[in-house]
Amino acid sequence: MEILGPEEVCAKWNIKEVSQVVDILGLMGDAVDNIPGIAGVGEKTAAKLLAQYGTLENVLADADNIKGALGEKVRKGREDAILSKKLATIITNVPVEFHEEDFRIKEWNKEKLKEVFSALEFKTIGKRLLGDDFAPAAVVAPVGVQTDLFGNIIEPEPAKTTISKTTSAVSSEETESVFAGKNIQNTPHQYEAVVGDIALNSLVTVLKSSKEICLDTETTGIDANTAELVGLSFSIKPAVAYYVPCPANREETLAILAYFSPLFNDASITWVGQNLKYDMLVLKWYGVELAGNLFDTMLAHYVIEPDGKRSMDALAEKYLGYVPVAIEELIGKKGKSQGTMRDVELDKIKDYAAEDADIALQLKHVFAPMLAELEVEKVFNEVENPLVKVLMEMEYEGIRVDEAFLHEYSKELELEAKKRKRVFINKPVYASILHLQNNWEKFLFDKLKLDPSAKKTKTGQYQTGEDVLLKLAARGIGIVDDILTFRELTKLKSTYVDALPVLINPKTNRVHTTYGQAVAVTGRLASNNPNLQNIPVRTDRGREIRKAFIPRDKDHILISADYSQIELRIVAAISGDQNMCDAFKRGTDIHTATAARVYNVEESEVTKEMRYKAKSVNFGIIYGQGAFGLADNLGITRTEAKEIIDNYKKQFPGIQEYMDTTINFAREHGYVQTLMGRKRWLRDINSANFTVRGFAERNAINSPIQGTAADMIKLAMQKVFAAMRREKMKSRMILQVHDELVFDALRSEVNELRPLILENMQTAMPLPNDVPVIAECGEGENWLQAH
DNA sequence: CCGCCCACGC
DNA sequence: GACGTACGTGGGCGGA
């Protein structure tokens, strides 16, 4: 987007006229009023219009037409305006000087803005306003309690102290160099390539002198299960690192790795690294396992700042004020033409790889004290760090997929989808909506005028989500059914049935998901390539896909073990609500028990309808849902929904109390936490903005619940894994789906394994108030049966 | 290439 | 009167 500077706009047009056009057309009114230095879409468009129409009057006369033609731009402009306004709030709280007489800034106080933008990590807008001059500063102070960004009234006192604190962390002489960024060129370092018998031996001797070794691998790809080792780097003290290249020849690489086996096998060594799961998995394919302890800097940062950016580049920049060598300098930009590390000349890859190990070690020394200060050592040491090896083994194992079955099913889905499509074709009136989803939408809403009040999305498109369409179907619009079914079929086919076989690893004939251990802000795992945490289960057609997940051979069987109602049990336990705790202790169905209380009947008198509604309320409680949402969800009136909720709160007073105390805790401390001390920072909890604060409040309620459940299953995974090792079992834990664990179990071990799993899951993390934790399991010839 | 919408899971 | 249920991943689309 080309930006016309304020002076340019001003030089051509009377600023008042521009402002008026901007205002009347709903462009960037706020921006003009509050932050006149930023001339964006609004002013530019306004200036153009004035040029085109000649006079202000002409523009205004044609305002309606212009508005229509602008469409998107108007909306985007408004968004910009909101952002600008908030920036103005922030900026004017620091002494940025601007000329009062014409209400615009002719010369920005660049240093001040640099401070503000870098403190707030406004990289993009920083560059936009300050040009390439702008580089973010290193932040040494702990995060999480920093300034609010959006929608918040920033009280002058704290805002000033936060900003000055951030900047005072670097002295004024350093400021220049920090902004320019430390890098490999201007920072003393000693990076060495280590090749040949003598050098390798002496490297091992050097490394042996330390109980803490930073390790990083360079490979040919991002999939650890197929990537080849290209080199290893090590560091045991800042600014010094070694790079050991590994040839494409596997035997030769194995011989090089053998030099390091005294280190790999030494249980007293702590291996430091960023995302060690990846490196360990690569090494596992070369038969190397690390016997020692781990310190994963990515996970350390995850518990320090769960919602922060975690790439090496981001961490190096933020915590070390250092800009690492860009990988693109070695292998080119992302895309099909990108090369591999294998082809990079030694001198270049040496610097890049050694630097990575050096940085990771330096990050460790920054993070270790932060873990203690922020009191997140426990969740790091007991939950996250020890889980790395477990997840690595699960990823290594993978799961077998029945490719032939999927192939057949794909054809079936295709046929069925075609049939549905033919339904439209055969009805001439539908012929115009063949191709695109959007055509359906236009057809449904515009031509048939089915619903003149149809909701639009914020980008001006009609909403055609399932719930919207179902409401149409209820009005007897037959085509809606066909559309929904068509969508289901194509979704299943493209996302699962056709996608899964492509991801089968040719080496193992299995699919190996990758778990994201530092992704979800609440502490949950994430799964990708493929995502095995969202395999369909709700509809018959979808559920069918689970049949494709099968045990490794005829001697094995799949076991699935899952926690029963874990999140509600956690709600009961941490709120201490007497009635809900009692219900769980009695062991009755929790939704029936809830219904009995809410409707004031005996549990034996609870109807399906009542239980269904109670279930929905229980679910809503976990997410902080209100009467509107419940009503919408259940298709009842808001009055009825409110009645149910009021009754619920009366019957379970401890839960209302939990919500209030949690939100108050968050307001006071700026974070909420799980039973294991995992924190989630809620910068918006005191926002003056209703919506923004509402989000933070729901997060305050939900995060300790969801996060505690995540803590629990992560502990259980470690316990189950350790117990299976202890018993020298051949069965393997292969999947985690938030409250479920899946095992590829040797049939002869099943009777021993079943209680081992359940016992460890149930005792992994006892809940307060004696709320029982129950896990259940099933087994079968595929994942569907096992469920 | 990226943002949006939709749809799948817990 | 706002806004209206948490956390994710991925495919398809449309516009820059």
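In this predicted model, a suitable place to begin is helix α34, which comprises the 17 residues 653–669. At 1.5 Å a residue, a helix of this length should span 24 Å, and the C-alpha atoms at its two ends do lie 24 Å apart, so expectation and model agree.

The residues of α34 that are buried are Gly654, Ile655, Tyr658, Met659, Thr662, Ile663 and Ala666. Around the helix axis they cover an arc of only 170 degrees, which means that they sit on the same side of α34. The spacing of such residues follows a general rule: an α-helix has 3.6 residues a turn, so residues three or four places apart point the same way. On the face turned away from the buried side, α34 carries the exposed residues Glu657 and Glu668.

The cover over the buried residues of α34 comes from several elements. Among them are the helices α28 (566–575), α29 (578–586), α31 (608–623) and α33 (638–651). Strand β14 (671–673) and helix α35 (690–726) also contribute to this cover. Just after α34, Gly670 adopts a positive phi of about 85 degrees.

A second site of interest is Thr187, located in the loop between α11 (172–180) and β1 (190–193). Its relative accessibility is 19%, and because buried means under 20%, Thr187 counts as buried. A polar atom of the Thr187 side chain lies 2.8 Å from the backbone oxygen of Asn183. The side chain of Thr187 is also joined to that of Asn186 by a polar contact of 2.9 Å. When residues up to four places away in sequence are not counted, Thr187 touches Lys182 and Tyr322.

The model also contains an open sheet of four strands, arranged in the order β8-β9-β7-β12 with antiparallel pairing. At its edges are β8 (504–505) and β12 (549–550), each of which pairs on one side only. Strand β8 pairs with β9 (residues 510–511) in the antiparallel sense over two bridges. Within β9, Val511 is the bridge partner of Ile504.

These elements belong to the wider picture of chain A, whose secondary structure comes to 37 helices and 18 strands. Of the 787 residues in chain A, 50% are buried. Among contacts between residues at least 6 apart in sequence, 68% join residues at least 24 apart. The accessible surface of the chain comes to about 37100 Å², and carbon and sulfur atoms account for 51% of that surface.

Note on methods: Residues numbered from 1 in each chain as written. Chains lettered and ligands numbered in written order. Predicted model: local features only at pLDDT ≥ 70, side-chain atom pairs only at ≥ 80, totals over all residues. Heavy atoms only, no water. Expected span 1.5 Å × (residues − 1). Buried < 20%, exposed > 50% of the residue type's maximum accessible area, 1.4 Å probe, protein only. Arc of directions from axis to C-beta. Contact = heavy atoms within 4.5 Å. Polar contact = N/O pair within 3.5 Å; in protein donor to acceptor, adjacent residues only side chain to side chain. Pairing = 2+ DSSP bridges. Areas by Shrake-Rupley, 256 points an atom, 1.4 Å probe, with all protein chains shown as cover.
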